[in-house]
Amino acid sequence: MIISQNRIPPLHSFEQLMKQTDIILNQDACMRSEYYSKRSGKAVEQDVYSAICEASKGTEFENTIRLVSGASFPDIVANRFYGVEVKSTEKNQWTSIGSSILESTRVKDVTRIYLTFGKLGSPVEFLSRPYEDCLSGISVTHYPRYKIDMRLQKGETIFDKMGIPYDDIRQMENPVKPVSQYYRSKLKPGESLWWASDNEESIVPPTVRLWTTLSHQEKEKLTVQGYVLFPEILSSANTTKYNRYSLWLATQQGVINTNVRDSFSAGGKILMKTSSGVEIKTPAAFGRIAKYHHFIQEMLEEIDSETLTNFWEVPELFDNRILHWCQLAADASDSTIGYSVALNILSEIFSQ
């Protein structure tokens with residue numbers, strides 16, 4: 001990393017410094033391509049640092065550049081306010097995986113960053129561009145990271161796609177949220193974001209378990225959560241009613257259930273009374289709702305509004321969340337016992 005003692009030079013001076021750095025690196029690569037083709041990522045950082053030091057001679061940046069070892073972002077800082085992140089690939093391509101979108105290790109005071117990319121596959125070449133101009137999307141390892149494309153055209157960055165400037169994203173407390181919202185808006189039926197929870201405070205589990213290995217209490221909790229978040233589960237006509245729940249169970253809870261239907265359809269029909277005292281056959285699920293109605297009510301009160309609107313796919317919530325859920329559940333079970341009867345029974349359950 002590089003730190004400066006001098007007054008901050010203008011941006012165009014930094015741009016010229018990076019252009020000269022590219023010239024030095026590419027001239028050397030032409031003469032020593034075999035040398036660069038065998039360099040590791042850390043070694044390339046040292047090469048770029050040496051080239052920047054050479055390019056800085058006679059400029060405002062001379063004697064202000066230092067390579068910072070460790071996990072700091074960016075790898076090099078020039079004159080305190082400018083930085084250089086170094087990436088490389090052994091392949092003959094201009095794409096790679098970049099740094100974390102969180103930027104928690106960003107060096108204080110650095111406001112403008114360039115990305116210097118070393119393409120070490122024949123022919124060896126180097127190219128430097130403003131960092132935000134070559135970030136095309138998001139890839140996920142242990143944490144969302146930017147995808148680098150050094151040949152990206154103007155208007156094609158991930159920030160252009162989201163409609164949020166890079167400087168706004170990097171200064172957010174939770175940059176994952178707008179990114180996940182963007183990718184969620186692009187999901188097709190049957191797709192889910194395994195790496196992004198709908199609640200920023202929850203954590204996507206690192207391990208996956210089979211449903212059969214869960215305790216009885218865990219199974220009950222996840223089943224009730226299914227009713228709360230996915231009211232369509234109560235439908236008898238919807239052939240895809242378990243799809244969203246199955247994806248949520250696997251991606252957000254780390255649980256694989258190969259027989260999801262059994263968790264909700266077991267029990268056949270049961271008798272329940274309406275408010276007028278009439279007994280009617282209802283799906284066994286209504287009995288489970290009655291059994292766990294206190295838990296359902298508690299969940300509905302605790303879940304944040306944004307999460308519920310996302311799961312329920314509604315523009316806004318009623319002031320009375322319980323009534324809202326009852327209407328959604330009654331609407332889903334309409335073909336089974338009729339909307340008005342279902343709503344009457346569900347409302348009575350929660351009035352007890």
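Start by selecting Glu103, which sits in the loop between β4 (95-100) and β5. The model is predicted, and in it Glu103 has a positive phi of about 55° although it is not a glycine. Is Glu103 buried or exposed? Its relative accessibility is 8%, and because buried means under 20%, Glu103 counts as buried.

Next, select Glu313, in the loop between α12 and α13. Phi of Glu313 is also positive, near 55°, and this residue too is not a glycine. Its surroundings are another matter: Glu313 has 61% relative accessibility and counts as exposed.

Stay here and display the two helices on either side of that loop. Helix α12 covers residues 305-312 and helix α13 covers residues 321-332. Their axes lie 13 Å apart and make an angle of about 10°. Angles under 35 degrees count as roughly parallel, so α12 is roughly parallel to α13. To see the contact, show side chains for Ser305, Leu308 and Trp312 on α12, then Arg321, His324, Trp325 and Leu328 on α13. Sorted by class, this contact has four nonpolar, two polar and one charged residues.

Now go to the cis peptide bonds. Select Phe73 and Pro74: the bond joining them is cis, with omega about 0°. Pro74 lies in the loop between β1 (65-67) and β2 (76-78). Then select Ser122 and Pro123, where the peptide bond is again cis and omega is near 0°. Pro123 belongs to the loop between β5 (112-119) and β6.

Colour the chain by pLDDT. Where is confidence highest, and where is it lowest? Strand β6 (residues 125-130) has the highest mean, 98, and helix α14 (residues 334-337) has the lowest, 68. Two stretches deserve a separate selection. Residues 1-6 have pLDDT below 50, with 35 contacts in the model beyond near neighbours in sequence. Residues 198-203 are also below 50, and that stretch has 10 such contacts. Where pLDDT is low, the predicted coordinates should not be read in detail. Over the chain, the average pLDDT is 87, and 89% of the residues score at least 70.

Finally, zoom out to the whole chain. The chain holds 15 helices and 12 strands. Of its 352 residues, 46% are buried. Among contacts between residues at least 6 apart in sequence, 59% join residues at least 24 apart. Switch on the surface to finish: the accessible area is about 18300 Å², and carbon and sulfur atoms account for 49% of it.

Terms used:
Residues numbered from 1 in each chain as written. Predicted model: local features only at pLDDT ≥ 70, side-chain atom pairs only at ≥ 80, totals over all residues. Heavy atoms only, no water. pLDDT = per-residue confidence, 0-100. Helix = DSSP H or I, 4+ residues; strand = E, 2+ residues; numbered from the N terminus. Contact = heavy atoms within 4.5 Å. Buried < 20%, exposed > 50% of the residue type's maximum accessible area, 1.4 Å probe, protein only. Areas by Shrake-Rupley, 256 points an atom, 1.4 Å probe, with all protein chains shown as cover. Axes fitted to C-alpha atoms, helices over the stretch in contact; angles between N-to-C directions. Parallel < 35°, antiparallel > 145°, perpendicular 65-115°, else oblique. Nonpolar A, V, L, I, M, F, W, Y, C, P; charged D, E, K, R; others polar.
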